[in-house]
Amino acid sequence: MRDIFRITCVVVLTAIYFITCASTVSADKTDWTDENYKFSNIQRVYLCKVDTFSFTDLDASTVEKIQNSCKKFADKLKGVVFVDSEELADIKIVTKITRWTNWNRPVPESIEVYYEGWEKRRVKDRDGKWRTESHHKTSRAYFPGANRRERKIPAHNIQESLLKVFFEVYDTKNENLIMSREDVRDKGGWYKQTEMFKRSCKDFFKELNKILKR
């Protein structure tokens, strides 16, 4: 019986390992702001359409989702109004996607350490009475009475989605750049760029909202 549990736990740990790697998310943002600019004077904003021209293979539905995500979070800016013409605006916001890629990231061979053992738990039966039962447990952290185990994880590839977006804010009167952000993200699995772009927009316009109060 213990051998069956041992085999089961190794299979479970393997699944957990690959699920964990596949769901890895990272984001790297680089900001610049003109500290001398009076952002509090901004009243009228012109929002440019998201530049997706570098990626002609994006279908119409995806492009529509991209544009809608940008507008949705831009609409959360407080104390300003959006205008239909750049000439009528105080600032314009330019959004450009420069990377939209799926790739296989190589992962070298490694050793996974985990712990397994039996743990006593108090459980209530159907009659409402408490009794003690032994449960087989596996964990990446040590627990009392556990045995240390190791298994080799072979070299493999992990599918990842990559996204890079530039947000730029310009003063429309002189075309000077007053704020910018480079947002680079990756996530386990393919075709995750649309949801990553949504989070990029959410983060950028949240930051811009803070700056507009200066």
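Which residue in E9 is the bridge partner of Asp-28? The notes below take this up together with the two sheets.

1. This is a predicted model, in which local features need pLDDT of at least 70 and side-chain atom pairs count only at pLDDT 80 or more, while totals for chains, interfaces and linings use all residues. Residues are numbered from 1 along each chain as its sequence is written, and side-chain values use heavy atoms, with hydrogens and water left out.

2. The mean pLDDT (the predictor's confidence in each residue, from 0 to 100) of the chain is 89, and 89% of its residues reach 70 or more. Over residues 1–22 the pLDDT is below 50, and this stretch has 28 contacts (heavy atoms within 4.5 Å) in the model beyond near neighbours in sequence.

3. An open sheet of 6 strands (DSSP runs of E, at least two residues, numbered from the N terminus) follows the order E1-E9-E8-E4-E2-E3 with mixed pairing, where two strands pair if DSSP finds at least two bridges between them. Its edge strands are E1 (25–33) and E3 (81–82). E1 pairs with E9 (residues 177–188) in the antiparallel sense over 9 bridges, and the partner of Asp-28 in E9 is Val-184.

4. Helix H3 (residues 193–211; helices are DSSP runs of H or I, at least four residues) packs on this sheet, touching E1, E2, E4, E8 and E9. The direction of H3 makes about 150 degrees with that of E9, angles running from 0 to 180 degrees between N-to-C directions of axes fitted to C-alpha atoms, for helices over the stretch in contact.

5. A second open sheet, of 3 strands, has the order E6-E5-E7 with antiparallel pairing. E6 (130–139) and E7 (147–153) each have a single partner strand, so one side of each is left without a neighbour in the sheet.
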